[in-house]
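Reader: Here's one I'd like to look at with you. Could you pick a single part, go through it closely, and then tell me how it fits with the rest?

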Amino acid sequence: MERKSKAIIIVNMVKDFLEPKGACYCGRRARRIIPYVKRKLISFWKDRSLVIYLRDTHRSIDREFTVLKPHALVDTKGSDMVKELEPTNKDYIVGKRFYDGCFDTELGRILTEFGVRKVYLAGLKASADVMETAAHLFYLGYDIHVFKKGVADPDSRSYKCALKRMKSLFGCKLV
Ligand SMILES: [Zn+2]
């Protein structure tokens, strides 16, 4: 198995969060990170680092829907990546049904298989899925980086609070 030194994990850059008609549209703050995430994606492609897309693939019975309105259901367009960030066939796409991208998913196994210890997080939302995933990666001992300009929240207070918490609680390096 080929070893990789680092991975980018792109969280929930899917149509239901990024298209104005999407079920959980996160607004212009979220759309604004698309070009930045694309540049990072290209640089990870170029140096042949691991690229993982982590996205919601919910079932209608999911616990999240007791508190949020339904979004990104499995096998619907809402859980497709936005066209600007389409994966290549070398990238990994990991579906998840909870905020935490390590819970009951393949993420940890893929990172282990490639021997990756250094991860870079981008995507949505900073204060929810990105932060919950960062927390779990912290418990698992990863060296975590968060792209400040590559994560977003619908409101600036949540964004700031999320970055602060990821740094102070989970040792994330804000880059
Ligand atoms: Zn969700």
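Author: Let's get the vocabulary out of the way. Helices (H or I, at least four residues) and strands (E, at least two) are DSSP runs, numbered from the N terminus. Two strands pair if DSSP finds at least two bridges between them. Keep in mind that this is a predicted model, where local features need pLDDT of at least 70, side-chain atom pairs count only at pLDDT 80 or more, and totals for chains, interfaces and linings use all residues. Residue numbers start from 1 along each chain, as its sequence is written.

The part I'd pick is strand S2, residues 50–56. I'll lean on burial a lot here: a residue is buried if 20 or more other C-beta atoms lie within 10 Å of its own, exposed if 12 or fewer, and partly exposed in between, with C-beta atoms placed from the backbone. Seven of the seven residues of S2 are buried, so the strand is largely enclosed by the rest of the structure. That goes for both faces: Leu50, Ile52, Leu54 and Asp56 are covered on one side, and Val51, Tyr53 and Arg55 on the other.

Now for what S2 pairs with. Strand S1 runs parallel to S2, and five bridges join the two. Two of the partnerships are handy to find on screen: Ala7 has Leu50 as its bridge partner in S2, while Ile10 has Tyr53. Five bridges also tie S2 to strand S3 (residues 92–96), again running parallel. Over there, Gly95 in S3 is what Arg55 stands opposite.

Zoom in on Tyr53, which sits in S2. Tyr53 has 22 other C-beta atoms within 10 Å, which makes it buried. Two residues are in contact if their C-beta atoms, placed from the backbone, lie within 7 Å. Skipping residues up to four places away in sequence, Tyr53 touches Ile10, Met81, Pro87, Asp91, Tyr92, Ile93 and Val94. Take the pair with Ile93: 40 residues separate the two in sequence, yet their C-alpha atoms are 4.7 Å apart in space.

Step out to the sheet and you'll find six strands, open, in the order S3-S2-S1-S4-S5-S6, with parallel pairing. S3 and strand S6 (173–174) are the edge strands, each pairing on one side only. S1 (residues 6–11) is mostly covered, with five of its six residues buried. Besides S2, S1 also has strand S4 (residues 118–124), parallel to it and joined by six bridges. Ala7 turns up again here, with Val119 as its bridge partner in S4. Further along, S5 and S6 run parallel with two bridges between them, and His145 has Lys173 as its partner in S6.

For a contrast with Tyr53, try Lys118, which is placed in S4. Lys118 has 15 C-beta neighbours inside 10 Å and therefore counts as partly exposed. Away from its neighbours within four places in sequence, Lys118 is in contact with Ser5, Lys6 and Asp143. Ser5 is 113 residues from Lys118 in sequence but 6.7 Å from it in space, C-alpha to C-alpha.

Next, have a look at helix H5 (residues 126–139), since S2 is among the elements that cover its buried residues, along with S1, S4, strand S5 (143–152) and helix H6 (156–170). Those buried residues include Val130, Met131, Ala134 and Leu137. Leaving aside neighbours within four places, Ala134 is in contact with Leu121, Ile144, Val146, Met166, Phe170 and Cys172. After H5 comes Gly141, with a positive phi near 90°.

Ala134 also brings us to the nonpolar core, meaning a set of buried Ala, Val, Leu, Ile, Met, Phe, Trp, Tyr and Cys residues joined through C-beta atoms within 7 Å. The largest one has 43 residues, and Ala134 is among those with the most contacts inside it, as are Ile8, Ile9, Ile10, Val119 and Leu121. In soluble globular proteins, nonpolar side chains tend to be buried together.

And the whole chain? Six helices and six strands, running β-α-α-α-β-β-α-β-α-β-α-β along the sequence. Of its 175 residues, 37% count as buried. Among contacts between residues at least 6 apart in sequence, 76% join residues at least 24 apart. As for overall dimensions, the C-alpha atoms fill a box of roughly 40 × 35 × 30 Å along the principal axes.
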